[in-house]
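Reader: I have the sequence and the model open, and I would like the wording used for them justified. Please set each term against its cut-off.

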Amino acid sequence: MSGSGSGQQDVDIDLGGLFRAVWDRRVKVLLATACVTALAFGAAKMIAPDYQSETRVLIESREPEFSGPNQSSQAGADRVFDESGILSQVQVLRSADLIKQVARNMKLYELKEFDPSAAPSALSDLLVMLGLKKNPLEMPPEERVLKEFNDKLQVYQVEKSRVIAIAFTSKNRQLAAAIPNEMAKVFLTLQSGAKLDTNSEATRWLEPEIANLREKVRDAEAKVAAYRSSSDLLPTGETENFATRQLTDISTELTRVRGERANAEARAAGVRSALASGRAADTITDVVGSQMIQRLKETEANLQGQVADLSTTLLDGHPRLKALKSQLEGIRGQIRSETRKILASLENEAKVGELREQQLVQQLNALKAQSAQAGEEEVGLRALEREATAQRQLLETYLARYREATSRTVENATPADARVISSAVVPTSASFPKVLPITIVAALATFLLSCVVIMLGELFSGRALRPVSATGERLAPVRPRPALAATATDISIGAADTQPEVAPVTEDDDAVELLPAAQIPAADTDTVEAAAEPDFSIEAVAEHLRATGVRVAISVSPGGDEGSTATVMLARLLAEDDIKVVLIDLTGSACPTRLMARSPQLPGITNLLAGEVPFTDTIHADRFSDAHVIPQGDADPRQAMRGIERLKMIIDALTNAYDLVLVECGPADEMAVEKIAGRDGAEIILSAPSVSDERIVEVLTGFGAAGYRDIVLMTGQAADPEYPDRDAA
């Protein structure tokens with residue numbers, strides 16, 4: 001929580017104060033918790049306990065072995081065992097007829113638990129007299145038992161299985177176990193009886209139908225034989241005669257010839273079109289497949305290679321180059337000549353196909369006249385055959401079903417497609433109420449609610465709020481860290497006995513402000529004296545980046561690899577403080593890649609800019625820290641520079657996943673930095689270990705002239721890149 005700058009001081013929540021407030025009122029909290037716990041325990045003990053028991057039934061096929069499986073029975077079993085079939089069996093178990101049968105078997109209507117309205121209370125009688133409630137005695141006893149039974153019954157399918165659970169709740173332990181077992185028994189009896197009745201009815205209906213179908217099949221087959229003999233229709237297959245078979249063969253051959261002719265014409269047209277349009281011959285399949293063309297192409301490629309090699313050392317007018325180019329033109333002329341020969345061959349192939357097609361058409365017309373008469377006679381034959389086939393198939397189906405139904409009409413031959421896998425047992429403990437869980441939940445809820453109420457009171461009263469400094473930090477000591485100079489016009493790097501002074505930047509419009517690396521308290525004289533000495537170390541820059549929450553930082557290293565090594569140290573230092581940081585290597589020497597990447601051949605920023613690899617393949621872990629690095633990569637730099645405008649989008653995407661994106665540019669100038677990050681939104685770091693003061697002032701002047709106002713100077717000494725172990729780095 002914070003206030004604005006207009007007279008209000010920033011505040012923050014004092015977590016320690018909140019917990020102290022709860023501790024100060026601990027007696028009240030414990031008393032309230034103890035009271036509610038006692039009330040919950042007493043109420044749970046006073047409630048009459050309910051007992052629950054459960055029977056589980058597995059739905060499965062229980063066909064006898066002697067009956068033999070067939071397609072129809074298998075399809076029926078599949079319908080029973082799918083999701084909707086299991087749910088249908090659940091509804092059967094909850095059906096009114098099954099529940100009434102269980103109630104009659106166990107005489108539940110005699111128990112008061114299942115018919116409480118048989119002895120109504122005075123309040124119930126009053127409500128009935130006033131017309132506010134329907135008289136329950138007007139309902140039949142079975143209906144009243146059915147309503148109470150359904151309230152205590154739970155039937156559900158066990159998830160991802162064919163098991164149905166039957167759970168029943170009762171005040172009586174014995175009934176809680178007996179009723180689910182009785183329901184399972186009645187369910188299995190009903191299932192078995194229904195299957196037996198179905199088989200008996202099917203047997204009685206199939207007997208006269210089979211006798212009638214046998215006579216119809218005999219008459220239909222006799223008619224087919226007589227018609228075939230009188231019409232002289234010689235069969236060559238199950239559905240063809242001789243004339244039809246010959247006509248089919250000619251038609252098939254004609255179709256094939258027409259296809260081959262069309263293919264040849266299309267190929268010739270493709271070659272002709274390519275020659276007319278001047279398209280390269282190596283794009284045509286027929287030309288490419290020619291061995292002669294392949295050899296000429298190889299010769300052409302060799303000549304082109306020789307011309308390309310000699311062009312690098314000889315002028316175009318050199319006799320050797322002229323000779324090679326003349327040979328190249330001759331080879332290309334031969335390729336065109338061979339292509340025309342291929343075209344002529346394809347045209348001849350198309351003409352041959354056309355002649356063959358004409359011959360086949362003549363034969364086809366002659367056969368059509370011969371088969372016309374046979375076709376007319378065959379119409380009557382096929383009608384007789386269809387009738388005979390239909391009668392025969394129906395007879396075979398009825399016979400199979402009759403045999404199956406007859407085998408299942410005996411007792412115990414059709415067991416129910418279900419069996420009990422878990423019988424209900426007499427429960428030993430009540431299902432409700434659970435005294436111990438209820439008591440524990442009530443105690444925890446009361447304790448937490450009391451703590452929350454106390455904390456909210458402290459927050460609303462303002463006692464749990466404490467002020468913070470104007471910079472947004474809590475008023476508490478921080479690690480001492482010397483501050484950087486305010487502006488470049490009065491900057492002094494170190495004392496006179498350590499480092500020489502930096503010459504001031506005299507252009508007021510181009511003055512560069514060096515941002516402070518850390519805030520320090522002014523509590524004692526030693527700290528104030530330390531603040532007079534600017535600290536441009538790597539630790540100070542890391543502290544500055546953490547304090548300001550910078551998302552993108554551009555590092556420029558005028559000294560080359562030494563400054564790049566310092567940038568690597570900065571990234572690793574930030575990573576040790578649990579800051580998610582990624583370093584992009586845009587240097588020409590690939591110094592960060594050598595120090596951080598496990599291999600210099602890993603894909604990196606140049607591959608990403610060239611579009612050769614996906615984004616995630618360019619991010620790699622540092623060898624010695626939790627930082628990540630996007631190495632230089634091994635793509636063509638010129639091709640990568642064509643996509644340099646994508647770099648800003650890449651950096652924006654990385655800011656969504658990392659706390660800090662650190663771009664190391666090496667000895668880049670202000671114009672290159674402007675192409676990478678523009679003028680706003682990125683922190684500029686000048687990494688200049690062991691760089692002369694004059695060179696630093698020159699670089700700062702250049703950035704000031706380009707419009708960059710805030711520059712962070714980092715002159716900490718970097719480790720020798722020849723020793724890339726963790727301590728040296």
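Author: A residue counts as buried under 20% relative accessible area, as exposed over 50%, and as partly exposed in between. Note also that this is a predicted model.

Reader: Why is Glu-349 called partly exposed?

Author: Its relative accessible area is 37%. Partly exposed covers what falls between the cut-offs of 20% and 50%, and therefore Glu-349 is given that term. Glu-349 lies in helix H12, residues 319–407.

Reader: What is Glu-349 in contact with, leaving aside its neighbours within four places in sequence?

Author: Glu-349 is in contact with Ala-264 and Arg-267, where contact means heavy atoms within 4.5 Å. From C-alpha to C-alpha, Glu-349 and Ala-264 are 6.3 Å apart in space, and 85 residues separate them in sequence.

Reader: Why are helices H5 and H8 called oblique to each other?

Author: Two packed helices are described by the angle between their axes and the distance between the axes. The axes of H5 (residues 96–106) and H8 (residues 173–231) come within 10 Å and cross at roughly 125 degrees. Roughly perpendicular covers 65 to 115 degrees, roughly antiparallel begins over 145, and roughly parallel is under 35. An angle of roughly 125 degrees fits none of these classes, and H5 and H8 are therefore oblique to each other.

Reader: Which hand does the crossing of H5 and H8 have?

Author: H5 passes H8 in a right-handed crossing. On the H5 side the contact is made by Leu-98, Gln-101, Val-102, Asn-105 and Met-106. H8 contributes Leu-175, Ala-178, Ile-179, Glu-182, Met-183, Val-186, Phe-187 and Leu-190.

Reader: How do the residues of that contact divide into nonpolar, polar and charged?

Author: Ten are nonpolar, two are polar and one is charged. Glu counts as charged, and Glu-182 of H8 is part of the contact.

Reader: What makes E3 and E5 edge strands?

Author: Each of them, E3 (153–157) and E5 (418–422), pairs on one side only. They belong to an open sheet of four strands in the order E3-E4-E2-E5, with antiparallel pairing. From one strand to the next the twist averages 25 degrees. H8 packs on this sheet and touches E2 (51–59), E3, E4 and E5, and its direction makes about 20 degrees with that of E2.

Reader: How do you know that E4 pairs with E3 and with E2?

Author: At least two bridges are needed for a pair. E3 and E4 (residues 163–170) run antiparallel and are joined by five bridges; E2 and E4 pair in the antiparallel sense over eight. Opposite Ile-166 in E4 stands Val-155, and opposite Ile-164 stands Gln-157. Val-163 in E4 is the bridge partner of Leu-58. The hairpin of E3 and E4 has five residues between the strands, and in that hairpin Lys-160 takes a positive phi near 55 degrees.

Reader: Why is E4 called largely enclosed by the rest of the structure?

Author: Eight of its eight residues are buried, so the term applies. In a regular strand the side chains alternate between the two faces of the sheet. In E4, Val-163, Ala-165, Ala-167 and Thr-169 point one way, while Ile-164, Ile-166, Phe-168 and Ser-170 point the other way, and all are buried.

Reader: What makes E13 largely enclosed as well?

Author: Five of the five residues of E13 (residues 683–687) are buried, so this strand is largely enclosed by the rest of the structure. Glu-683, Ile-685 and Ser-687 point one way, Ile-684 and Leu-686 the other way, and all are buried. E13 pairs in the parallel sense with E8 (residues 552–556) over four bridges, and likewise with E14 (residues 710–714) over four bridges. Leu-686 stands opposite Val-556 and opposite Leu-713 in E14.

Reader: How do you know that E12 is mostly covered?

Author: Five of the five residues of E12 (residues 660–664) are buried. Leu-660, Leu-662 and Glu-664 point one way and Val-661 and Val-663 the other way, and all are buried. E12 pairs in the parallel sense with E8 over four bridges, with Ile-554 opposite Val-663. Five bridges join E9 (residues 581–585) to E12, and these strands run parallel; the bridge partner of Val-582 in E12 is Val-661.

Note on methods: Residues numbered from 1 in each chain as written. Predicted model: local features only at pLDDT ≥ 70, side-chain atom pairs only at ≥ 80, totals over all residues. Heavy atoms only, no water. Axes fitted to C-alpha atoms, helices over the stretch in contact; angles between N-to-C directions. Helix = DSSP H or I, 4+ residues; strand = E, 2+ residues; numbered from the N terminus. Left-handed = near helix turned anticlockwise from the far one by under 90°. Buried < 20%, exposed > 50% of the residue type's maximum accessible area, 1.4 Å probe, protein only.
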